[in-house]
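Work through the exercises below with the sequence and the model open side by side. Each task is followed by a solution in steps.

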Amino acid sequence: MGKKIFKYLLWILFAIIGLAAIIFIALYIPPVQDFIKTKAVSYVSSNLGIRLSVERLRLKFHLKLAINNTTILTTDSDTLFHCNTLEANVAFIPLLRQDVVLRSFHANGIILDYVDDTTGMVLT
């Protein structure tokens with residue numbers, strides 16, 4: 001009886017580890033990345049009241065994130081932010097402790113336009 005329980009617990013443990021591995025591997029498949037990008041963009045756009053568009057998002061092995069042609073527009077169609085290429089290399093171990101440590105960060109073709117009505121600050 002004890003042997004059967006141990007056998008079932010071992011199968012459950014292997015199933016959980018296998019499922020976690022499948023999810024981790026699936027994050028590196030481009031169609032899965034496109035699906036996640038679409039859901040994230042619609043969530044951010046609806047909750048922040050902005051129009052966000054991301055042409056391409058790719059996660060490469062060992063947490064190298066590349067985002068291409070990102071644009072943030074206000075509801076009045078004013079461009080707040082545009083970036084042609086944004087690349088970040090994230091350290092894995094600190095991420096397990098819920099800390100984000102960037103090993104490298106590169107951004108090309110940035111356009112930033114911000115006006116604060118309360119202080120009158122203009123950032124262009």
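The exercises cover confidence, two helices, one charged pair, a lysine, backbone angles and some distances.

**Exercise 1. Confidence**

Task: In this predicted model, find where in the chain confidence is lowest and where it is highest.

Solution.
- Step 1. Begin with the whole chain, whose average pLDDT is 88. A score of at least 70 is reached by 92% of the residues.
- Step 2. Go through the elements. Strand β6 (residues 122-123) has the lowest confidence, with a mean of 64. Helix α2 (residues 30-48) has the highest, at 93.
- Step 3. Apply the general caution: where pLDDT is low, predicted coordinates should not be read in detail.

**Exercise 2. The span and sides of helix α2**

Task: Check the span of α2 against expectation, then determine which of its residues are buried and how they are arranged around the axis.

Solution.
- Step 1. Helix α2 has 19 residues, which at 1.5 Å a residue should span 27 Å. The C-alpha atoms at its ends are 26 Å apart, in agreement with that value.
- Step 2. Taking under 20% relative accessible area as buried, the list for α2 is Q33, K37, V41 and S45.
- Step 3. These residues cover an arc of only 90° around the axis, so they sit on the same side of α2. The general rule behind such a pattern is that an α-helix has 3.6 residues a turn, so residues three or four places apart point the same way.
- Step 4. Turn to the face directed away from the buried side: the exposed residues there are P31, F35, Y43 and S46.
- Step 5. Look for the cover over the buried residues of α2; strand β1 is part of it.

**Exercise 3. Helix α1 for comparison**

Task: Repeat the span check on α1 and state how many of its residues are buried.

Solution.
- Step 1. Helix α1 (residues 2-26) contains 25 residues. From first to last C-alpha it reaches 36 Å, close to the expected 36 Å.
- Step 2. The number of buried residues in α1 is 0, so the helix lies largely in the open.
- Step 3. Take A20 in α1 as an example: its relative accessibility is 46%, so A20 counts as partly exposed.

**Exercise 4. The salt bridge**

Task: Count the salt bridges in the structure, and describe the partners of R58 by location and accessibility.

Solution.
- Step 1. The structure has 1 salt bridge. R58 pairs with D34, and their closest N and O atoms are 2.9 Å apart.
- Step 2. The two residues belong to distant parts of the chain: R58 is in strand β1 (residues 51-60) and D34 in helix α2, with their positions 24 residues apart.
- Step 3. Compare each residue with the cut-offs. R58 has a relative accessible area of 16% and is therefore buried. D34, at 28%, is partly exposed.

**Exercise 5. A buried lysine**

Task: Which side chain of opposite charge is nearest to K37, and how far away is it?

Solution.
- Step 1. K37 is in helix α2 and is buried, yet it has no salt bridge.
- Step 2. The nearest side chain of opposite charge is D34, 4.9 Å away. A salt bridge needs the nitrogen and oxygen within 4 Å.
- Step 3. Leaving out residues up to four places away in sequence, K37 touches V54, E55 and L57.

**Exercise 6. Positive phi angles**

Task: Describe the positive phi values at G49, H62 and N69.

Solution.
- Step 1. G49, just after α2, has a positive phi of about 70°.
- Step 2. Most residues other than glycine have a negative phi. H62 has a positive phi near 70°; N69 has one near 50°.
- Step 3. Place the latter two. H62 is in the loop between β1 and β2 (64-73), while N69 is in strand β2.
- Step 4. Both are partly exposed: H62 at 37% relative accessibility and N69 at 28%.

**Exercise 7. Sequence and space**

Task: Set sequence separation beside C-alpha distance for Y114 and F92, A20 and V90, and R97 and G2.

Solution.
- Step 1. Y114 and F92 are 22 residues apart in sequence and 33 Å apart in space.
- Step 2. A20 and V90 are 70 residues apart in sequence and 20 Å apart in space.
- Step 3. R97 and G2 are 95 residues apart along the chain and 36 Å apart in space.

How values were computed: Residues are numbered from 1 along each chain as its sequence is written. This is a predicted model: local features need pLDDT of at least 70, side-chain atom pairs count only at pLDDT 80 or more; totals for chains, interfaces and linings use all residues. Side-chain values use heavy atoms; hydrogens and water are left out. pLDDT is the predictor's confidence in each residue, from 0 to 100. Helices (H or I, at least four residues) and strands (E, at least two) are DSSP runs, numbered from the N terminus. Buried means under 20% relative accessible area, exposed over 50%, partly exposed in between (1.4 Å probe, protein chains only). The expected span of a helix is 1.5 Å times one less than its number of residues. The arc is that of the directions from the helix axis to the C-beta atoms. Contact means heavy atoms within 4.5 Å. Lys and Arg count as positive and Asp and Glu as negative; His and the chain ends are not counted.
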